[in-house]
Amino acid sequence: MWIDTHCHLDASEFAGASLALAEAAAKSGVSAIVIPAVHKNNFAAVEALSQQREDCFYALGIHPMYVPTSDEKDLLFLREKVAALMSRDNTSNVATDVQNQLPANRFVAIGEIGLDFFVPALKESLLREKQEFFFSEQLKIAREFELPVLLHVRRSQDTVLKYLRRICVPGGIAHAFNGSHQQAQTFIDLGFKLGLGGAMTYTRALQIRRLATELPLTALVLETDAPDMSPSWIPHAMNTPAELPAIAAVLAGLRGVTPVDVSMATTANAQAVLPRMRRS
């Protein structure tokens, strides 16, 4: 059993084949897929996918690369949406017959949120300030509702950690982690798991492969980031969640353990850091 903790299954690149790709992934052993939103405009799409398949879960958030086209009203919309979803957990406030008619609530986290200091334009002072404002406000929403977060940390690990120390949230996942061992340990100490995916499969990715080998298996989760972050065997092709077992096999090889060992550990890690997955 495998859990893809980060897959943009609603992406336009999939051209309407999202459900078929999820089914193909299930046949390859992927038992759950987490679909993070990136902008207010795709909140409905990720929720709809989760309602069509029992193995799909979703997160809501505003990605740092979509901050330039977002405004503060979008943060209010996010908070209102999260509040409504979380209120459904209190079944005492909803009549039983109405509760039974509601679609399954497979909302598990706030995400994808974070900071991106790789894209030059996003590093300029005004956009950097806006990124950090959106990040901190979304962390506050996660704190308010006691939700984990799915983090984008590209070239921004130290600044992300600064905010996590200020605004305590109940852990989450540092997606596509590629920082130092010290940064990794700090995320772990704050209750986070580290996401590993296709980048780990390239022999030239020495730092990621070193982390994959040296960090405790209890700190790792698997992801595809599909349609992006394609593994080494399809470097120029579109990634899909069905590639996850092969990515996991690379992790097993690096660590000198069996794929079963990796499956059991990473599944338990994902369920621990995203506890609402166990409720659905």
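**Local contacts, packing and backbone geometry of the predicted model**

The side chains of Arg 53 and Asp 55 are joined by a polar contact of 2.9 Å. The structure described here is a predicted model. A polar contact of 2.9 Å also links the side chain of Arg 53 to that of Glu 23. Arg 53 is located in the loop that runs between α2 (43-52) and β3 (56-60). Despite its charged side chain, Arg 53 counts as buried, because its relative accessible area of 14% falls under the 20% limit. With residues up to four places away in sequence left out, the residues touched by Arg 53 are Leu 19, Ala 22, Glu 23, Ala 26 and Arg 106. Glu 23 thus appears both as a polar partner of Arg 53 and in this list of contacts.

Helix α2 contains Val 46, a residue that is buried, with a relative accessible area of 0%. Beyond four places in sequence, Val 46 touches Asp 10, Ile 35, Pro 36, Ala 37, Tyr 58, Ala 59 and Leu 60. Val 46 and Ile 208 are separated by 162 residues in sequence, and their C-alpha atoms lie 29 Å apart.

Ala 248, in helix α10, is likewise buried, at 0% relative accessibility. Contacts of Ala 248 outside its neighbours within four places in sequence are with Trp 2, Leu 222 and Val 262. For one of these, Leu 222, the C-alpha to C-alpha distance from Ala 248 is 7.1 Å, across a sequence separation of 26 residues.

The packing of helices α6 and α7 was examined next. Helix α6 spans residues 125-145 and helix α7 residues 157-166; their axes are 10 Å apart and form an angle of about 35°. The crossing of the two helices is right-handed. On the α6 side, the contact is made by Arg 128, Glu 132, Phe 135, Ser 136, Leu 139 and Arg 143. On the α7 side, the contributing residues are Thr 159, Val 160, Lys 162, Tyr 163, Leu 164 and Arg 166. By residue class, this contact comprises five nonpolar, two polar and five charged residues. An α-helix has 3.6 residues a turn, so residues three or four places apart point the same way.

Within α7, the buried residues are Gln 157, Thr 159, Val 160, Leu 161, Tyr 163 and Leu 164. The elements that cover these buried residues of α7 include β4, α6, β5, α8 (181-189) and β7 (192-196). Thr 159, Val 160, Tyr 163 and Leu 164 are therefore both buried and part of the contact with α6.

The largest nonpolar core holds 71 residues, and the members that touch the most others are Leu 151 and Phe 187. Helix α6 makes the greatest contribution to this core, with six residues. Leaving out neighbours within four places in sequence, Leu 151 is in contact with Ile 113, Phe 135, Val 160, Leu 164, Ile 173, Ala 174, His 175, Phe 187 and Phe 192. Among these partners of Leu 151, Phe 135, Val 160 and Leu 164 also take part in the contact between α6 and α7. Apart from the largest core lies another, of 14 residues, which includes Val 34, Ala 270, Leu 274 and Met 277.

Several backbone features were also noted. Most residues other than glycine have a negative phi, and most peptide bonds are trans. The peptide bond between Gly 111 and Glu 112 is cis, with omega about 10°; Glu 112 belongs to strand β4 (residues 107-116). Another cis peptide bond, also with omega about 10°, joins Ala 226 and Pro 227. Pro 227 is in the loop between β8 (220-222) and α10 (244-255).

Asp 225 is placed in the loop between β8 and α10, and its phi is positive, near 60°. Asp 225 counts as buried because its relative accessibility is 10%. A positive phi, near 55°, is found in Glu 146 as well. Glu 146 is in the loop between α6 and β5 (149-154). Its relative accessibility of 65% means that Glu 146 counts as exposed. Of these two residues with positive phi, Asp 225 is thus buried, whereas Glu 146 is exposed.

Technical notes:
Residues numbered from 1 in each chain as written. Predicted model: local features only at pLDDT ≥ 70, side-chain atom pairs only at ≥ 80, totals over all residues. Heavy atoms only, no water. Axes fitted to C-alpha atoms, helices over the stretch in contact; angles between N-to-C directions. Helix = DSSP H or I, 4+ residues; strand = E, 2+ residues; numbered from the N terminus. Left-handed = near helix turned anticlockwise from the far one by under 90°. Contact = heavy atoms within 4.5 Å. Core = buried A, V, L, I, M, F, W, Y, C linked by side-chain atoms within 4.5 Å. Buried < 20%, exposed > 50% of the residue type's maximum accessible area, 1.4 Å probe, protein only. Polar contact = N/O pair within 3.5 Å; in protein donor to acceptor, adjacent residues only side chain to side chain.
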